[in-house]
Amino acid sequence: MEPVLLRARGVPGSRSIATYLAAGGYEGWKRALGLGPDAVVKEVLDSELRGRGGAGFPTGRKWSFVPKDHPGPRYLVCNADESEPGTFKDREIIEHDPHQVIEGIAIASFAIKANTAYIYIRGEFVRWATILEEAIGEARAKGLLGTNVLGSGFDLDIWVHRGAGAYICGEETALIESLEGKRGFPRLKPPFPAVVGVFGKPTVVNNVETLACVPHIMTRGAAWFASIGRPRNTGPKLFCVSGHVNRPGVYELPLGVTFREIIEEHCGGVRGGRKLKAFFPGGSSAPVMTADEVDVKADFDACAEAQTMLGSGGVIVLDDSVDMVAVADNIAHFYAHESCGQCTPCREGSDWCADILDRMAAGHGRASDPDTLLRICRFSSEGMTICPLGDAYALPLSSMVNKFRAEFERRIADATPLPQKRLPVLPWTGPRPGFGI
Amino acid sequence: MPKLTIDGHEVEVAARTNLIEAARAAGVFIPYFCYHPYLTVVGQCRICMVEIQGQPRLALGCATPATDGLVVKVETSARAKEAREAVMEFLLANHPLDCPVCDQAGECLLQDHSMREQRDTFTTHMAETRRTFPGYERRLLGPHIVQNQNRCIHCSRCIRFTQEISETAALTYKSRGNSEFIDTFDGRAFDDPMSACAADVCPVGALTVREFRFRKRAWKLSSTPSICPGCSIGCNIFIDHHEREVHRFTPRENPAINATWLCDYGRFLADSLNEQTYLYPQRRAAGHMVRAEWGEAIAALALELRAARPLRVVASANLSNEELFLARELFGRHLRGELAVPLAAGEQRRMRNGKGEWLHAADPYPNSLGARRLGLNVVDGEGLSRFLYGGAGLTLILDAEAHPFLAGAEALQLLRVGATAVWMRCEHPLAGVAGWLLPAASLASDEGTFTSSTGVVQRFAAAFSPPGTVHRMPTGAMSPECPTIASPWGPPGEARPLWLVLTALARELGAPNLDLASPAEVFTLMAQTDRAFAGLEWEALGGLKLDESFRERQHVG
Amino acid sequence: MTTRPLVVATQETTSDVKFDKTMEDRIADVLRRYPTTRAALLPVLWLCQERFGWISPGVISAVAERLGESAAFVEGVVSFYTMYYTSPPARYVLQVCTTLSCSVCGGRELVDHLTAKLGIGFGEKTPDGSFQLVGVQCLGACGNAPVIQINDDYYEDLTPKKLDAVLDDLKGRR
């Protein structure tokens with residue numbers, strides 16, 4: 001497949017607006033301005049573009065939920081809070097082709113009639129925030145943003161807003177709270193952001209990759225986009241492959257490619273000639289898959305059928321050298337650290353799982369532990385929490401216990417500690433009393 | 001008006017009512033910890049999960065509005081029950097379970113729910129070391145609040161209270177996830193004029209009121225509906241008492257006035273109700289005060305009153321409408337004396353009602369509007385001085401605390417002319433000039449109505465009978481109202497509420513129409529004669545039925 | 001890559017904080033981007049961290065006053081996020097990614113190497129105040145594991161040898 005989103009990777013000076021314009025950049029923006037908002041929404045609906053941030057919700061549908069008759073401002077927010085373990089695609093897009101994102105934001109803002117857009121970028125991405133700001137400056141200088149864009153009468157300001165270190169702010173309502181200057185506590189839904197979003201106004205939150213697809217849909221048409229992949233799972237998708245493969249990195253492939261192809265063909269197979277043991281298909285929040293499930297198609301629906309999810313497309317490959325108890329311990333601690341602390345099951349459950357796994361890793365597992373883990377996971381997921389962070393730790397953990405139960409039981413029976421201790425996460429700024437930086 | 005079915009009970013509720021309130025109306029109890037009717041709904045404790053027929057996932061009782069035709073299962077749903085059990089297991093996983101030494105026990109929502117739904121069936125799979133917050137187990141958060149973070153269930157009610165109601169935003173979560181804890185900025189004193197409400201809304205023993213801690217177990221307390229005497233706003237309160245001792249005030253729900261809030265100033269007036277310096281009527285004889293009997297006092301006073309030319313009566317905005325009415329009728333109309341109600345300016349106080357509006361206090365008296373509406377002569381300090389200046393045959397001061405002027409040297413000087421009778425409860429300089437000193441009962445032993453600054457006539461009930469009341473039935477058996485077996489007479493003394501004394505004086509003075517048996521009867525008469533009270537009925541005056549208190553007590557945690 | 005050292009805060013600058021003209025201008029520039037002043041909180045805290053080195057209680061008071069928020073609210077926000085320093089950091093904060101991909105692809109070896117080389121554990125600073133070792137969650141660069149973020153900059157595809165060169169370079173710089 002010819003690269004679409006990553007077409008600028010490797011092109012010298014790819015970040016500058018000159019290069020972007022030379023490659024036909026901002027033509028989609030011009031076309032959109034000519035078409036009018038409703039036609040833009042229609043085009044994106046027809047392309048069957050689904051959100052690339054994790055949930056896979058149809059983008060055009062999300063846009064169409066914004067009340068048509070709402071007076072006053074609306075907002076578009078670009079979610080660049082890329083924090084899902086195993087995911088590093090948005091950074092790649094921004095690094096090589098920031099204008100693609102800016103153009104996508106412009107078109108989306110126009111489609112929902114928002115005159116202000118924010119890019120919420122994770123706090124650690126200082127470099128990429130700067131790149132985006134420079135790109136916005138360039139576009140503004142060319143009259144592509146600002147007041148009365150290209151004589152259309154449409155005004156658009158884009159601001160970059162840096163987060164400050166919280167995974168939960170990738171969840172759209174937590175992101176909105178954070179953007180409003182509060183603690184990143186996800187909101188109860190309904191009302192959904194499309195109706196009551198940032199500053200109480202209708203808001204659409206789209207992922208960087210989703211928005212990067214939009215200019216291509218506008219220039220090359222919905223039909224072209226829908227011809228990539230398979231029905232309802234259309235378009236190019238960035239797969240981020242990390243872990244034990246020979247060539248980790250970001251790969252742009254059509255949806256529907258199998259995980260075997262991704263791992264063996266594109267990434268050169270498992271590192272050091274070892275055997276594949278397991279992989280996470282869509283970031284660490286997706287239920288783990290075993291080596292036997294490697295032929296599953298990498299798209300939204302096929303993954304759902306296989307009781308997992310494509311998520312953000314972050315494929316984490318684990319070879320047979322890893323111990324699943326250590327993997328479970330590692331990710332349990334990630335979620336315990338990142339739980340916002342609102343909902344009882346997630347706040348208490350994530351830490352509880354982490355404690356159990358720590359104990360197991362130290363060689364003090366109990367026979368009842370796997371079942372306790374499953375029970376905690378069961379009551380942390382499926383609507384037991386406000387946002388999906390409950391599911392995000394419960395589903396992978398329970399899948400690990402279910403699919404590798406023998407390994408967990410062996411560790412408990414042997415009562416031996418893991419050879420390597422888990423790395424601690426410090427500082428815990430704003431700590432439990434008594435802790436320092 | 002949506003009509004829905006909850007556990008088989010059909011109920012019709014107002015639109016936008018949530019399932020918790022709808023279920024309450026249907027007589028079904030949905031448990032909750034983070035929900036509070038006067039705070040925003042956050043849906044984070046997850047204990048209110050209920051099953052809605054036709055929905056694959058459980059729904060939140062607090063965040064789901066009642067809609068027509070909804071079929072909700074609370075007790076009858078195995079799934080919801082299982083989920084609630086799991087939430088309890090999560091909450092109790094890190095809870096210290098120190099109920100025996102926790103002062104919240106008895107009024108703890110966590111404990112209540114555990115007792116209601118779990119009893120002996122509770123099991124936990126928790127085998128890890130409990131999360132603790134060293135240094136935060138017994139910490140003075142502010143002047144009135146003690147924090148024990150280990151007990152916190154992270155419901156965020158206290159934080160929402162300071163952000164949405166008192167608007168100081170003095171409390172916050174710090175850190176996140178399981179390490180999250182409640183704190184003030186930089187650990188400084190929790191400075192908030194309504195700080196103790198944070199402990200009220202705390203469903204568990206994480207925040208407790210310093211003044212009340214370990215004074216009395218919650219289940220020993222009786223609660224009597226009353227009105228806060230602190231200012232003219234007239235916040236509705238419960239007087240929580242045991243064995244004739246007032247232990248605390250807690251807010252009583254009234255959406256129009258104080259929702260479920262109470263300011264610290266008013267709340268901590270509770271202790272002052274226990275002060276009773278003067279226990280018997282006393283009369284001055286040869287420069288000394290000597291004890292007298294009530295009968296003797298009333299007869300002698302009646303004689304003096306008949307002879308008094310002129311008669312001046314200083315009433316007070318601390319008195320109930322009934323007492324003011326009796327004073328007006330008896331001293332003003334019957335004896336043709338002059339009456340004045342002195343009002344002093346007080347500190348600015350404010351309270352938030354259920355609609356989020358601020359009510360402001362004009363003065364520090366609970367019944368200043370009542371005095372005005374009864375057409376009494378309302379004066380300020382200077383007016384009071386002028387009122388007393390003319391000298392009198394007899395001056396009655398119905399409440400020594402009516403105005404700070406009465407404690408000053410000028411007033412004492414003025415009162416040396418003529419005879420003076422003073423009603424008082426606590427030490428007061430007026431005792432030095434009084435010819436008659438009559439012991440008054442506190443609010444806790446009085447009964448009547450106050451008119452709030454917004455014009456609402458509100459009843460307060462007597463928590464216990466005044467000191468010295470005999471608690472024996474005519475047969476000699478112990479009265480069921482007897483406060484304590486140890487002392488069937490209660491503490492010694494003969495302080496009496498003013499209305500009782502005034503009706504006795506009326507009898508003595510030949511005003512049989514005012515010789516009434518209870519404040520209720522006084523009120524009925526007043527409603528017939530005074531336009532301000534026309535159409536009001538004693539029994540219908542708001543919210544005094546104790547069985548209604550359940551909901552409020554649940555809300556204030 | 002020239003990683004800038006963090007500002008070394010003094011007692012005076014962080015206890016009783018006053019914003020100077022430059023700072024006020026930058027705050028005004030941030031404020032115009034949002035319809036509410038509260039929304040400027042995160043960006044203003046970033047400006048403060050850049051200027052004062054860390055978010056001291058004094059900084060929190062000043063920010064709260066400037067934005068019309070309660071100090072407790074601001075502190076609550078600061079403590080929610082991991083990137084605001086609530087105590088003075090070293091000049092170079094080595095933020096080692098400890099999440100799955102990095103930890104299975106050489107992150108551990110890197111940490112072992114660092115602790116041995118610097119003689120400090122997690123959460124500690126070197127005695128000269130140059131380096132501080134900190135474990136962080138996923139930095140979002142898993143394909144180039146192991147990754148360390150030093151102050152604002154990412155260092156990727158690290159090996160102990162490459163890391164040595166980076167540290168020696170930073171140490172030499174003042």
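# A walk through chains A, B and C

Begin in chain A, where 23 Å lie between the C-alpha centres of domain 2 and domain 3. This is a predicted model, in which local features need pLDDT of at least 70, side-chain atom pairs count only at pLDDT 80 or more, and totals for chains, interfaces and linings use all residues. To find your way around, note that residues are numbered from 1 along each chain as its sequence is written, and that chains are lettered from A and ligands numbered from 1 in the order in which they are written.

**Stop 1: the domains of chain A**

Colour chain A in three pieces: domain 1 (17–227), domain 2 (230–319) and domain 3 (324–413). These bounds come from an automatic or database domain assignment. Now select the border between domain 2 and domain 3 of chain A, where eight residues of domain 2 are in contact with nine residues of domain 3. Contact here means that the C-beta atoms of two residues, placed from the backbone, lie within 7 Å. On the domain 2 side of this border you will find five nonpolar, three polar and no charged residues. In this scheme Ala, Val, Leu, Ile, Met, Phe, Trp, Tyr, Cys and Pro are nonpolar, Asp, Glu, Lys and Arg are charged, and the others, Gly among them, are polar.

**Stop 2: a five-stranded sheet in chain A**

Next, show the strands S8-S7-S11-S9-S10 of chain A, which in that order form an open sheet with mixed pairing. Helices (H or I, at least four residues) and strands (E, at least two) are DSSP runs, numbered from the N terminus, and two strands pair if DSSP finds at least two bridges between them. Strands of a sheet pair through backbone hydrogen bonds, either parallel or antiparallel. Which strands sit at the edges of this sheet of chain A? They are S8 (249–254) and S10 (289–290), each pairing on one side only. Zoom in on S10(A): two antiparallel bridges join it to strand S9 (residues 276–280) of chain A, and A:Met289 is the bridge partner of A:Phe279.

**Stop 3: two helices of chain A**

Select helix H5 (residues 89–96) and helix H7 (residues 126–141) of chain A, which pack with their axes 9 Å apart at an angle of about 45 degrees. The axes are lines fitted to C-alpha atoms, for helices over the stretch in contact, and angles run from 0 to 180 degrees between N-to-C directions. H5(A) and H7(A) are therefore oblique to each other: angles under 35 degrees count as roughly parallel, over 145 as roughly antiparallel, 65 to 115 as roughly perpendicular and the rest as oblique. Show side chains for A:Arg91, A:Ile94 and A:Glu95 on H5(A), and for A:Trp128, A:Ile131 and A:Leu132 on H7(A), since these residues make the contact. By class, the contact of H5(A) with H7(A) has four nonpolar, no polar and two charged residues.

**Stop 4: a three-stranded sheet in chain B**

Move to chain B and display S11-S12-S13, an open sheet of three strands in that order with antiparallel pairing. Its edge strands are S11 (222–227) and S13 (245–251) of chain B, and the twist averages 30 degrees from one strand to the next. Strand S12 (residues 236–242) of chain B is joined to S13(B) by six antiparallel bridges. For a single pair to label, try B:Ile239 and its bridge partner in S13(B), B:Phe249.

**Stop 5: chain C on its own**

Hide the other chains for a moment. Chain C holds seven helices and four strands, running α-α-α-α-α-β-α-β-β-β-α from the N terminus on. Its C-alpha trace spans about 50 × 30 × 25 Å along its principal axes. Domain 1 of chain C covers 1–88 and domain 2 covers 92–172, with 26 Å separating their C-alpha centres. Five residues of domain 1 of chain C are in contact with six residues of domain 2.

**Stop 6: where chain C meets its neighbours**

Bring chain A back: 49 residues of chain C are in contact with 55 residues of chain A. Which helix of chain C gives the most to this side? H6(C) does, with eight residues. The side of chain C that touches chain A has 28 nonpolar, 17 polar and four charged residues.

Finally, show chain B, where the contact takes ten residues from chain C and twelve residues from chain B. Helix H4 (57–67) and helix H5 (71–80) of chain C are the elements that give two or more residues to the chain C side. The largest share of that side, seven residues, comes from H5(C). By class, the chain C side facing chain B has six nonpolar, three polar and one charged residues.
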